[in-house]
Amino acid sequence: MNNTQDDRPQNHNHTTEKPDWYYATEKYAVPSMGKALFQLLNTLVPYFALWALMVVTVKKHYSYWITLLLGILAGCLLVRIFVIFHDCVHHSFLASRNANKIIGWFCGLLTCTPHDDWQWAHGKHHATAGNIDRRGYGDIWLMTLDEYRSAAWFTRLCYRVYRNPFVLFGIGPEIFFLLFNRFPCKGSGPRAHRNVIITNLILVVIFSIAIYELGVWNFLSLAAPVWIVSTTVGVWLFYIQHQFPGVYWARHDEWNVMTVALKGCSYYKLPKILQWFTANIGIHNVHHLRTAIPNYNLQKCYDETPQMQELKSISIRESLSAYRLKLWDEKNQMLVSFKAAS
């Protein structure tokens, strides 16, 4: 297979075949100690500094608008921290697996996400992304048009509520990260279960100390903007990475891993400042193409791989209309709105 720009799903028997140019991308899958440490410094230091400033604003009774602004900035940095955590899960951030695990554990605590449990679920996501028959791992709930039409009224109601933007991008993200992450994923093993328990206990200690020192209301007034910004942006990124106009989904016997990377994952072209805060994770097609590429090498890989640049990118303006896409129309191979089901 020399031309990956063919939109037609390839036969499942050929899912392991890769084009010649793919092997040239291996050079970007080399972690850099210098880049990784610099990224930790320019992310964690300002993040904790912002938290310290927020505490000062509360204790000195400054205007809450100042606290809110600092919290929004901290929330944006927490998104960046989550991407570092994500790289550590893939063992791509640093060359040492132990270093990745340590940093991943630490960043997981900051994002209220158990490292080992999420690692298991995220591995399943990469193995099933774009596969209609194996949905449900690390993605947003998606029903096909036929499934929705034949579903019971209560299931359709639940799906509509779930896909409502005020739920999916409003209260849903906070519920997922703060509540659902407190329980192990279905199917994960004993190590992941222990990881969830240990993570929860550490978070209880951290939150208890913070509440004891600041009081419940002050703690929530500090944490709320950080959590809301980071979780909302995070879930939006999850969504737009795999549910966008022109996306590729296929049944298991037609599913193709290369087509998923190139057509089933978006290149979310963001302004440089937003790309920095999201640590290049918008270049999601390159990430799925080769998960061992650390986030700080994704842009370089994209820029120096002509075959990747031939794929259509998604702008912020174009992405805003994607929330209307609710169902997968298998007949026409496209995402459609609820109107198509009427």
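This is a short talk on the fold, the cavities and a few single residues of one protein chain.

Good morning, everyone. A word of caution before we begin: this model is predicted.

Let's start with the whole chain. It has 15 helices and three strands. Its C-alpha atoms fill a box of roughly 60 × 50 × 45 Å along the principal axes. What radius of gyration does the protein chain have? The value is 21 Å. A compact globule of 342 residues would have one near 20 Å, so the chain agrees with that picture.

Now, contacts. Take those in the chain with a separation of 6 or more. Of these, 70% join residues 24 or more positions apart. Next, burial. Buried residues make up 49% of the 342. The accessible surface comes to about 17000 Å². Carbon and sulfur atoms hold 65% of that surface.

On to the inside. How many cavities of 30 Å³ or more does the structure hold? There are two.

Take the largest cavity. Its volume is about 280 Å³. The lining has 23 residues. Nearest the centre lie V79, F82, F177, G234 and F238. Find those five on your screen.

Which helices build this lining? Helix 2, residues 64–89, is one that supplies at least two residues. So do helix 4 at 115–128, helix 7 at 165–178 and helix 9 at 216–242. Helix 9 gives the largest share, with eight residues. And the chemistry? The lining has twelve nonpolar residues and eleven polar ones. It has no charged residues.

Now the second largest cavity. Its volume is about 40 Å³. It is lined by Y267, Y268, K269, L270, Q275, T278, N280, G282 and I283. By class, that gives four nonpolar residues, four polar and one charged.

Keep N280 in mind from that list. It sits in the loop between helix 11 and helix 12. Its phi is positive, about 65°, although N280 is not a glycine. Is N280 buried or exposed? Its relative accessibility is 15%. The cut-off for buried is under 20%, so N280 counts as buried. To sum up this residue: N280 helps line the second largest cavity, and its phi is positive.

Compare Q333. This residue is also not a glycine, and its phi is near 55°, a positive value. Where is Q333 found? Look in the loop between strand 2, residues 327–329, and strand 3, residues 334–336. Here the relative accessibility is 38%. Partly exposed covers the range between 20% and 50%, so Q333 counts as partly exposed.

One more stop: helix 13, residues 295–303. This helix is mostly covered. Seven of its nine residues are buried. They are N295, Y296, N297, L298, Q299, C301 and Y302.

What covers these buried residues of helix 13? The cover includes helix 1 at 33–59 and helix 2. It also includes helix 11 at 272–277, helix 12 at 284–289 and helix 14 at 306–309. Some of these names have come up already. Helix 2 also supplies residues to the lining of the largest cavity. Helix 11 and helix 12 are joined by the loop that holds N280.

Let me close with a quick recap. The structure holds two cavities of 30 Å³ or more. Helix 9 gives the largest share of the lining of the largest one. Helix 13 is mostly covered. N280 and Q333 are the residues to turn to next in your viewer. Thank you.

Notes: Residues are numbered from 1 along each chain as its sequence is written. This is a predicted model: local features need pLDDT of at least 70, side-chain atom pairs count only at pLDDT 80 or more; totals for chains, interfaces and linings use all residues. Side-chain values use heavy atoms; hydrogens and water are left out. On a 1 Å grid over the protein atoms alone, a cavity is a set of points where a 1.4 Å probe fits but cannot get out, and a pocket is an open set with protein on both sides within 12 Å along at least five of seven lines; lining residues have an atom within 4 Å of a point. Grid points are joined across faces, edges and corners, and a volume is the space filled by probe spheres set on the points. Helices (H or I, at least four residues) and strands (E, at least two) are DSSP runs, numbered from the N terminus. Ala, Val, Leu, Ile, Met, Phe, Trp, Tyr, Cys and Pro count as nonpolar, Asp, Glu, Lys and Arg as charged, and the others, Gly among them, as polar. The radius of gyration is taken over C-alpha atoms; the globule rule is 2.2 Å times the number of residues to the power 0.38. Buried means under 20% relative accessible area, exposed over 50%, partly exposed in between (1.4 Å probe, protein chains only). Contact means heavy atoms within 4.5 Å. Accessible areas come from the Shrake-Rupley method with a 1.4 Å probe; for residues, only the protein chains shown count as cover.
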